[in-house]
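The exercises below invite a careful reading of one model, and each task is followed by a solution that goes step by step.

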Amino acid sequence: MEANPRSIGRLPAAFLTPGSSSFIDFLADHSPELIPGNRRLPEGIVEAPHGTTIVAATFPGGVVLAGDRRATMGNMIAQRDIEKVFPADEYSAVGIAGTAGLAVEMVKLFQLELEHFEKVEGATLSLEGKANRLSTMIRSNLGMAMQGLAVVPLFAGWDEGKEKGRIFSYDVTGGRSEEHGYAATGSGSIFARGSMKKLYRDDLTEQQATTLVIQALYDAADDDSATGGPDLARRIFPIVTVITEEGFRRLTEAESAELARSITERRLEQPDGPRAALL
């Protein structure tokens with residue numbers, strides 16, 4: 001019996017039938033083992049590289065999302081040049097803190113989720129909708145988080161309806177909070193947030209906002225050993241992204257290097273960084 005030529009190289013009918021606009025739901029029905037939160041792990045504590053500090057700040061024309069480049073495993077530096085900030089789609093981005101491998105997988109799955117929704121529905125999700133989808137994905141990873149493999153991202157983007165940049169933070173259970181002005185997550189977040197708290201203003205320009213986040217990462221690295229500062233010798237600098245009504249843009253290595261070098265030079269004169277006015 002000859003095979004039907006029309007069936008050769010074709011996916012099963014179930015894969016071609018229109019269904020949910022959620023790629024995660026589709027994956028859960030057909031290949032649930034591919035969802036990061038469904039992986040089976042050995043008993044006990046699992047050691048894995050962890051990403052550290054992510055920061056974000058809004059300005060009147062959009063939002064800046066940035067991250068340092070260090071990954072740690074216990075008290076060791078696992079990687080010096082890891083990338084922790086990724087575009088989610090044209091108008092949003094995710095910065096990852098927590099278990100690096102799972103976080104990168106989650107970001108890739110999130111990118112597919114947004115792309116799948118747009119193809120099925122013929123429209124993009126609102127920024128709030130994107131933030132909610134990411135919340136669901138983090139919640140599905142709770143079992144892993146209980147074994148020490150938590151993923152705690154920072155999500156930022158341009159809200160086309162409200163015409164402004166917005167920032168969303170999460171906890172390990174998927175709880176979502178909108179942050180106003182600035183936010184930080186990861187091991188150095190306390191120090192980064194304190195730095196931004198004293199320097200942030202509502203009328204920052206894009207250039208000032210990018211300078212602010214690098215200053216905050218520098219302060220985080222100054223007090224948190226898991227956060228990496230600008231590495232002038234190896235030419236490793238923070239990843240800085242800007243999202244405006246024109247879309248997502250990542251600063252070039254030259255742009256990031258120039259900002260980091262100028263801040264480092266100023267720190268030779270003022271090791272603790274810029275001073276905020278008392279009144």
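**Exercise 1.** Locate Asp224 and describe its surroundings.

*Solution.* Begin with the chain: Asp224 lies in the loop between helix 7 (206–223) and strand 13 (239–244), where helices (H or I, at least four residues) and strands (E, at least two) are DSSP runs numbered from the N terminus. This is a predicted model, in which local features need pLDDT of at least 70 and side-chain atom pairs count only at pLDDT 80 or more, while totals for chains, interfaces and linings use all residues. Residues are numbered from 1 along each chain as its sequence is written, and side-chain values use heavy atoms, with hydrogens and water left out.

Next, consider charge: Asp224 is buried yet has no salt bridge, and the nearest side chain of opposite charge, Arg70, is 7.6 Å away. Here buried means under 20% relative accessible area, exposed over 50%, and partly exposed in between (1.4 Å probe, protein chains only); a salt bridge is a side-chain nitrogen of Lys or Arg within 4 Å of a carboxyl oxygen of Asp or Glu. For opposite charge, Lys and Arg count as positive and Asp and Glu as negative, whereas His and the chain ends are not counted.

Finally, look at the neighbours: leaving aside residues up to four places away in sequence, Asp224 touches Thr53, Ser187, Gly188 and Phe191 (contact means heavy atoms within 4.5 Å). A polar atom of the Asp224 side chain lies 3.2 Å from the backbone nitrogen of Gly188.

**Exercise 2.** Work out which residues of helix 8 are buried, and what covers them.

*Solution.* The buried residues of helix 8 are Ser256, Ala257, Leu259, Ala260, Ile263, Thr264 and Arg267. Seen down the helix axis, these buried residues fall within an arc of 165 degrees, so they line one face of helix 8; the arc is that of the directions from the helix axis to the C-beta atoms. Their cover includes helix 7 and strand 13. The face turned away from the buried side carries exposed residues, among them Glu258 and Arg266.

**Exercise 3.** Describe the salt bridge between Arg166 and Glu178.

*Solution.* The closest N and O atoms of Arg166 and Glu178 are 2.7 Å apart. Arg166 lies in strand 10 (residues 164–170) and Glu178 in strand 11 (residues 176–179), so the pair ties together parts that are 12 residues apart in sequence. Arg166, at 2% relative accessibility, counts as buried, whereas Glu178, at 27%, counts as partly exposed.

Key
A polar contact is a pair of N or O atoms within 3.5 Å; within protein, one must be able to donate a hydrogen and the other to accept it, and residues adjacent in sequence count only if both atoms are side-chain atoms.
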